[in-house]
Amino acid sequence: MSRNAESTAFRSALEVIRAVEPRVADAIGAELTDQRESLKLIASENYASPATLLAMGNWFSDKYAEGTVGRRFYAGCQNVDTVEALAAEHARELFGAAHAYVQPHSGIDANLVAFWAVLADRVESPALKKAQVRQVNDLTEADWFALRRELGNQRMLGMSLDAGGHLTHGFRPNISGKMFDQRSYGTDPATGLIDYDRVAEAAREFKPLILVGGYSAYPRKVNFRILREIADSVGATFMVDMAHFAGLVAGKVFTGDFDPVPHAHIVTTTTHKSLRGPRGGMVLCQPELADQVDRGCPMVLGGPLPHVMAAKAVALAEARRPDFADYAQRIVDNSQALAEGLLRRGAKLVTGGTDNHLVLIDVSGYGLTGRQAEQALLDSGIVTNRNSVPQDPNGAWYTSGIRIGTPALTTRGLGTAEMDQTAELMHTVLTATTAGANADGTPSKAKYALDPALADKIARQATDLLTPFPLYPAIDLA
Ligand SMILES: *Cc1c(COP(=O)(O)O)cnc(C)c1O
């Protein structure tokens, strides 16, 4: 394929869109410019390949395909079957999973599918058996009430939000916290690491139906073998949400005890974070949960998105190539170089470093809240997000942390030398930023001061850092 083909494809696409609504074409073009110019350190973002992006822009979008491969509620799904089966096959091969369900529209949707699958397998099926019926439709009203009581008040034990867990792991503002009676495990206050003995203790006391492993903001490896043993010791189903680090599992950076797939009963993920696919989700599971997982649509999900499943098949094929393993290793090398660069300049990091794709800076060391730091960095052309640190005194809105990650910059080709320069730019901004005060003189958690000339200078240096590593180098929209 000529490199020119990518340019032609996107240019032609924009020409077609421009003829209908030029402002949309302009916004798409502007988004490419913005992404090219910003130093993107958001740990959950990446840049999908042109092939992945193009697989989404076509008539697969027009198809309804409720059901599963070969068993659809709509006619004419033979081509959807082809791409869904391919995506599932690539996912099974890539992760060594017994079963893969590639329809979830996002990571949260994948978790809902998994929760329902476990509830149905562990609670609904036995309840139906007890009522001596096979179908939910055969239940009497009294059966329904009994079943609802059994389905409700189920227990979930997951990592606490401020230790790096995700909202969908049982927190009140999310439906998972309403479906489940939740308790969380945190990290050791001294080391910032998961204390597996404490997790075992909590499991023994709480007796959860589901033990959840996985995180959005924990900068270390997790030992999934130990978590499985804990789940087994209390008869819990062990679920891992690998939304953030699926790329490191795919690229065989996380193996053995640190690979969730052989240890968990059910694994959920996004496809667009370190895995570098289209925006979407996926469930992998052991054979005994497969039938329930496959009921995801229409039990939990709206109609499948065949164009996104096509893109998942493309991205998963890419992730099976040897160069993806090299990419995954470079993500971690970069993350460690970034952490070392920050530490050497005096930054305070949660757990003191990283062994995955993300670094969590405790910006209280700079006298700032997460919100102040995030804005000051953004003013300086550095895109990050604020995040709680364990036992955060500033809560989940202002926070005391900045979460950064390397999957996106690694895709662009930046290496450890550039990570050290990135650490220098960040440290300079954070040192030069001062916390502001409210009108009544009390310290503000949002206001800050940063010399605009310095912010501009750093922004130029950030752009210079990116210049040798063009994003989508073959695509020229001009
Ligand atoms: C990002 C993330 C999700 C949510 O993914 P969406 O695609 O935004 O729904 C779920 N779980 C974890 C652990 C995540 O990091």
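# Close-up views of a predicted model

**View A. Helix 8 crosses helix 9 with right-handed geometry.** The model is predicted. Helix 8 spans residues 196-206, and helix 9 spans residues 224-233. Their axes lie 9 Å apart and make an angle of about 20°. An angle under 35 degrees counts as roughly parallel, so helix 8 runs roughly parallel to helix 9.

**View B. Helix 15 packs against helix 18.** Residues 370-379 form helix 15, and residues 416-432 form helix 18. The axes are 10 Å apart, at an angle of about 120°. Helix 15 is therefore oblique to helix 18. The roughly perpendicular class ends at 115 degrees, and the roughly antiparallel class begins over 145. Helix 15 passes helix 18 in a right-handed crossing.

**View C. A shell of residues surrounds the ligand.** One stretch of the shell is Ser106, Gly107 and Ile108. Tyr215 and Ser216 also belong to the shell, as do Asp241, Ala243 and His244. His166, Thr270, His272 and Lys273 complete the list. By class, the shell residues divide into three nonpolar, seven polar and two charged.

**View D. Polar atoms of Gly107, Ile108 and Asp241 approach the ligand.** Gly107 places a backbone N or O atom 2.8 Å from a ligand oxygen. For Ile108, a backbone N or O atom is 2.9 Å from an oxygen atom of the ligand. Asp241 makes its approach through the side chain: an N or O atom there lies 2.6 Å from a ligand nitrogen. On its own, the ligand has 390 Å² of accessible area, and the protein covers 85% of this.

**View E. Cys297 and Pro298 are joined by a cis peptide bond.** Omega at this bond is about 10°. Pro298 sits in helix 12, which comprises residues 296-299.

**View F. Arg276 has a positive phi.** The value is near 65°, in a residue other than glycine. Arg276 is found in the loop between strand 9 and strand 10. Strand 9 covers residues 266-270, and strand 10 covers residues 281-285. Thr270, which belongs to strand 9, is also one of the residues around the ligand. His272 and Lys273 of the ligand shell lie in the loop that holds Arg276.

How values were computed:
Residues are numbered from 1 along each chain as its sequence is written. This is a predicted model: local features need pLDDT of at least 70, side-chain atom pairs count only at pLDDT 80 or more; totals for chains, interfaces and linings use all residues. Side-chain values use heavy atoms; hydrogens and water are left out. A residue is near a molecule or strand if one of its heavy atoms lies within 4 Å of it. A polar contact is a pair of N or O atoms within 3.5 Å; within protein, one must be able to donate a hydrogen and the other to accept it, and residues adjacent in sequence count only if both atoms are side-chain atoms. Accessible areas come from the Shrake-Rupley method with a 1.4 Å probe; for residues, only the protein chains shown count as cover. Ala, Val, Leu, Ile, Met, Phe, Trp, Tyr, Cys and Pro count as nonpolar, Asp, Glu, Lys and Arg as charged, and the others, Gly among them, as polar. Axes are lines fitted to C-alpha atoms, for helices over the stretch in contact, and angles run from 0 to 180 degrees between N-to-C directions. Helices (H or I, at least four residues) and strands (E, at least two) are DSSP runs, numbered from the N terminus. Angles under 35 degrees count as roughly parallel, over 145 as roughly antiparallel, 65 to 115 as roughly perpendicular and the rest as oblique. A crossing is left-handed if the near helix is turned anticlockwise from the far one by less than a right angle, and right-handed if clockwise.
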